[in-house]
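Biologist: I'm still learning to read protein structures. Could you walk me through this one with some questions and answers?

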Amino acid sequence: MWQSAYVSSYWRNGPVLNNALSGLNQALWDIKGKRANMPVYQLLGGKVRFAIPCYIHANGNSPEEVAEDVQNFMGQGYKYIRIQQGGYGGTGISGTPDFKQAGFAKETDSYMSQGTYLESVPKMFETVRKACGEEIELLHDIHERVSPIDAIGMIKNLEEYHPFFIEDPFSPENMEWFEQLRANTTVPIAMGELFNNINEFKEPMTKHWFDFIRIHVSQIGGITPAMKVARLGEFYGIQTAWHGPGDVSPVGHAAQAHMDYALWNFGIQEAALFSDELREIFPGAPTMDNGYMSVNEAPGFGVDINEKLAAKYPMTTKSNWTVRKDDGTIIRP
Ligand code: CO
């Protein structure tokens, strides 16, 4: 049980062995910290910063709604905000797609018009910049949902709004497109949440293909391999931006936060907001204040697990990430 609590359930169901090894590696760092009577960040070299700057997710069905959400988060102190219109590209399309009318696929499958998406993103950036000013750092996730050449064209159009980074322009199978992307634009790029092996980072990093490392720590093998890639980034001017979606447990977020404290080439952290129930189950979970994440000073990760209480909340149904074109063809999640 103690190992499994370190393993975050990951919606893309990364290789089970990787997840188990990652959980074990994180557990060993936690235990080492407890035995040394030190927080894990001390074992990694100590604090480089007082707290961890995070980016939060703003959303909306129109550019104006996204801008409003951004302003709301700016009011809470956030300086880095990811902007998505209609989640990952399902932007303001009314009516029933043809595949649903034909009774093809599941009723809960989502629909995306890639053309509408490519048009809508620069408009969203323009609206948000106008409404929210030049100082706020804006991020966006393409989620590898359009063809590589279209992604490059869109990123070029975003240059004038100077994004902090654009994430996942291509899937891991399309890495060779980075050469063309880098020759065409200087917009910073984040990549790597789908990599399952640290060797996948080596070639693209030595070629300067991206600027932010999006490792999913509880999928890549835990703290030890993640630190190796982070150190490589230091040599190549590449910063960290660990993947921190809502389905990573508070233990997983704490593991990432301890590295964030200690890494000189830390770039940004995806924010984690925990419900009251989660905080009760995981006492000592990282906290958010004024756009910064913090962990406590207890030895190890500083997070505990109330297994009895956790048993009261069994896993419910998984969300459906299937996205389709108008004719029903599946698009990458
Ligand atoms: Co992503």
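Biologist: Where does Ile305 lie?

Modeller: Keep in mind that this is a predicted model. Two elements frame the spot: strand S11 covers 292–294, and helix H14 covers 307–310. Ile305 lies in the loop between S11 and H14.

Biologist: Is Ile305 buried, partly exposed or exposed?

Modeller: Buried needs under 20% relative accessible area, and exposed needs over 50%. Ile305 has a relative accessible area of 25%. That value falls in between, so Ile305 is partly exposed.

Biologist: How are Ile305 and Leu278 placed, and what separates their C-alpha atoms?

Modeller: Along the chain, Ile305 and Leu278 are 27 residues apart. In space, the separation between their C-alpha atoms is 9.8 Å.

Biologist: Now for the metal. Which residues coordinate the cobalt ion?

Modeller: The donor atoms sit at 2.0 to 2.4 Å from the cobalt ion. In sequence, the donor residues follow the spacing D-x25-E-x25-E. The residues that coordinate the cobalt ion are Asp141, Glu167 and Glu193.

Biologist: Why does the pair Asp141 and Glu167 tie together separate parts of the chain, and how far apart are those parts in sequence?

Modeller: Asp141 belongs to strand S4, residues 137–141, while Glu167 belongs to strand S5, residues 165–167. Both Asp141 and Glu167 are buried. Because Asp141 and Glu167 lie in these two strands, the pair ties together parts whose distance in sequence is 26 residues.

Biologist: Which residues have the most contacts inside the largest nonpolar core?

Modeller: In soluble globular proteins, nonpolar side chains tend to be buried together. Here the largest nonpolar core has 79 residues. The residues with the most contacts inside that core are Ile83 and Phe210.

Biologist: Which residues does Ile83 touch?

Modeller: Let's leave out residues up to four places away in sequence. The list then includes Ala58, Val66, Val70, Met124 and Phe125. Also among them are Val128, Leu138, Leu139 and His140.

Biologist: How many aromatic pairs does the structure hold, and is the pair Phe125 and Tyr161 stacked or edge-to-face?

Modeller: The structure holds 15 aromatic pairs. The rings of Phe125 and Tyr161 have centres 6.3 Å apart and planes at 25 degrees. Planes under 30 degrees apart count as stacked, so the pair Phe125 and Tyr161 is stacked.

Biologist: Are Phe125 and Tyr161 buried or exposed?

Modeller: The cut-off for buried is under 20% relative accessible area. Phe125 has 0% relative accessibility, and Tyr161 has 11%. So Phe125 counts as buried, and Tyr161 also counts as buried.

Biologist: What kind of aromatic pair do Phe164 and Phe212 form?

Modeller: Their rings are 5.2 Å apart, centre to centre, with 40 degrees between the planes. Both Phe164 and Phe212 are buried. The aromatic pair of Phe164 and Phe212 is tilted.

Biologist: How many residues of strand S1 are buried?

Modeller: Strand S1 spans residues 52–60, nine residues, and is mostly covered. The number of buried residues in S1 is seven.

Biologist: Which residue in S2 stands opposite Ile56?

Modeller: S1 and strand S2, residues 80–85, run parallel and are joined by six bridges. Together with helix H3, residues 63–75, S1 and S2 make a right-handed β-α-β unit. Opposite Ile56, in S2, stands Ile81.

Technical notes: Residues numbered from 1 in each chain as written. Predicted model: local features only at pLDDT ≥ 70, side-chain atom pairs only at ≥ 80, totals over all residues. Heavy atoms only, no water. Donors = N, O, S within 2.8 Å, 3.2 Å for Na, K, Ca; no water. Helix = DSSP H or I, 4+ residues; strand = E, 2+ residues; numbered from the N terminus. Buried < 20%, exposed > 50% of the residue type's maximum accessible area, 1.4 Å probe, protein only. Core = buried A, V, L, I, M, F, W, Y, C linked by side-chain atoms within 4.5 Å. Contact = heavy atoms within 4.5 Å. Phe/Tyr/Trp six-rings, centres within 6.5 Å; stacked < 30°, edge-to-face > 60°. Pairing = 2+ DSSP bridges. Right-handed = clockwise from strand over helix to strand, strands pointing away.
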